[in-house]
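Please open the structure in your viewer and keep the selection tool at hand. The tour below goes from stop to stop, saying what to select and what is there.

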Amino acid sequence: MISVQDDRQAVEFGAVTGFRDGFYRCLSARADALFVLCDAVSCGERPVTSLVELSLSPVFRRGHGALYDALAAGEIDAAGVWDVLVDGLPAAADEGPLLFTADVTVCPRPDAECSADRGHCHTSCRCDGDRKTIPGWNYAWLAGIQWGRSSWVSPVDAVRMDPDDDLVAVTAAQIRELATRLRAAGRTGGAGRLPPMVVMDSGYPATAMTDAVSDVDVQLLIRLDRDDRVFHRPPPPRVPGRTGRPPKYGARFECASPTSWHTPDATLTVDTDRYGRVEVHAWSGLSPKIQARGWFADRSELPVVTGTVVHVRVEHLPDGRAPHKDLWLWWAAPEGVPLDLDMLWRVYLRRFDIEHFFRFAKSTLGWTAAKTRTPAQQDRWTWLTIAAYTQLRLARNLTTDLRRPWERRPEPDRPLSPHRVRRGFRHIHDRLGTPARVPKPTRPGPGRPPGSRSGPAQRHPVRKKTEKTDTRQPAGKKQAG
């Protein structure tokens, strides 16, 4: 008799094999070597600390020369990988929206003088305790997140940012592409389905992001960078018979001055186990005064960007400490989307799940340990890292928990952690099969002719962001000619 558990495992097994076949079709050059390199990352028992060590994995079945050739001359169809990753996204809970988060992390390359397009990337700390930047490549990530506590996310895109790239423009393009592919895959339709929501931290300017995706059917939830921000209510109706220019903004709303707060449009009070008493207030229709710089530097007329300001106050943190300050959020959504305060403050907490992915990708999957030379090689390695992580996520209910004696038992209602799934993934790899072809027997090449030299490699300085100049004419002056 086939049980319900067997049926569920058969569906999950088919999801893993379907993803592997779809990803293999996206490899247009050096496909076999790239695919088995991805398997070598997934089937490893220990963290990846060296790229060449992956050639010793039993699933690679090739020499170390094929490994370097795959990253140097391989080709990956990024648009095709997008579709495969979107198809593998988990379903939204009930009638809630699909949740995503955007964040930026650095691939540090401080001593790689032969690597091009390195920039000064922000880092939380350095060994000397003074510098806050490190030479490397910044990557803008977009990943799906889930409801409830989890260490799993669903990365769908990673873009390497040029030092001159604007974070708002890059992230807006990612969100626009995501909305298009979700619509094409039929993941945003249905009666009562809310638009997808993208959650961001305070590193993203809320007003600029709202303006950049104003024509996209998506919700934005962004933490405000400061708790002393000033907003304005809508201007009052124009008095009949009064002449002159009507006011653009209304009364001030100062986050740091409770006396300037008017009656909230929505309030919520709820008791929780981790945060105690949680109070949430929201004021809709607020807008900040926009200055002609950054995203709006080239605008001849500055727009009025409106949204909802959400204030969250908790009684204590999960470890029992008193909160240092309150939480201020900015929520912008298409017209007609209802305001759900209980969902908003809980959804923002899920943004931090991507930090677990960054730590796992860097410390275990070897995303920063590859030490690739060119940016194109690092891009290919990034897609392989995403593919390796995704098939681990799809197989998280299929692997056996190979728990060490000193490790805790997993909670019964929660999936295994990424570390434990990777530990057991090699035991189901043979059952999954592989679309990669068996390597042909060959002989070692003749190598470099005796006496020949390649010469010193080209050195590339760390690039600095180009300062933008204001090309607008001062008020009251006209351009000559």
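Two strands pair if DSSP finds at least two bridges between them, where strands (E, at least two residues) and helices (H or I, at least four) are DSSP runs numbered from the N terminus. This is a predicted model, in which local features need pLDDT of at least 70 and side-chain atom pairs count only at pLDDT 80 or more, while totals for chains, interfaces and linings use all residues. Residues are numbered from 1 along each chain as its sequence is written, and side-chain values use heavy atoms, with hydrogens and water left out.

**First stop: strand β14**

Select residues 327–332, which form strand β14; six of its six residues are buried (under 20% relative accessible area, with exposed over 50% and partly exposed in between, for a 1.4 Å probe and protein chains only), so the strand is largely enclosed by the rest of the structure. Leu327, Leu329 and Trp331 point one way from β14, while Trp328, Trp330 and Ala332 point the other way.

Now add strand β8 (residues 219–223), which runs antiparallel to β14 and is joined to it by four bridges. Strand β13 (residues 307–314) also pairs with β14 in the antiparallel sense, over five bridges. Which residue of β14 is the bridge partner of Leu221? It is Trp331, and Trp331 is likewise the bridge partner of Thr308.

**Second stop: helices α4 and α5**

Select helix α4 (residues 78–87) together with helix α5 (residues 167–184), which pack at an angle of about 60 degrees with their axes 10 Å apart; axes are lines fitted to C-alpha atoms, for helices over the stretch in contact, and angles run from 0 to 180 degrees between N-to-C directions. The two helices are therefore oblique to each other, given that angles under 35 degrees count as roughly parallel, over 145 as roughly antiparallel, 65 to 115 as roughly perpendicular and the rest as oblique. The contact (heavy atoms within 4.5 Å) is made by Ala79, Trp82, Asp83 and Val86 of α4 and by Gln174, Glu177, Leu178, Arg181 and Leu182 of α5.

**Third stop: helix α8**

Select helix α8 (residues 353–363), whose buried residues are Asp353, Ile354, Phe357, Phe358, Phe360 and Ala361. These buried residues pack against β3 (99–108), β5 (133–145), β6 (154–161), α9 (375–394) and α10 (418–432).

**Last stop: helices α2 and α9**

Keep α9 and add helix α2 (residues 31–42): their axes come within 9 Å and cross at roughly 55 degrees, which makes α2 oblique to α9.
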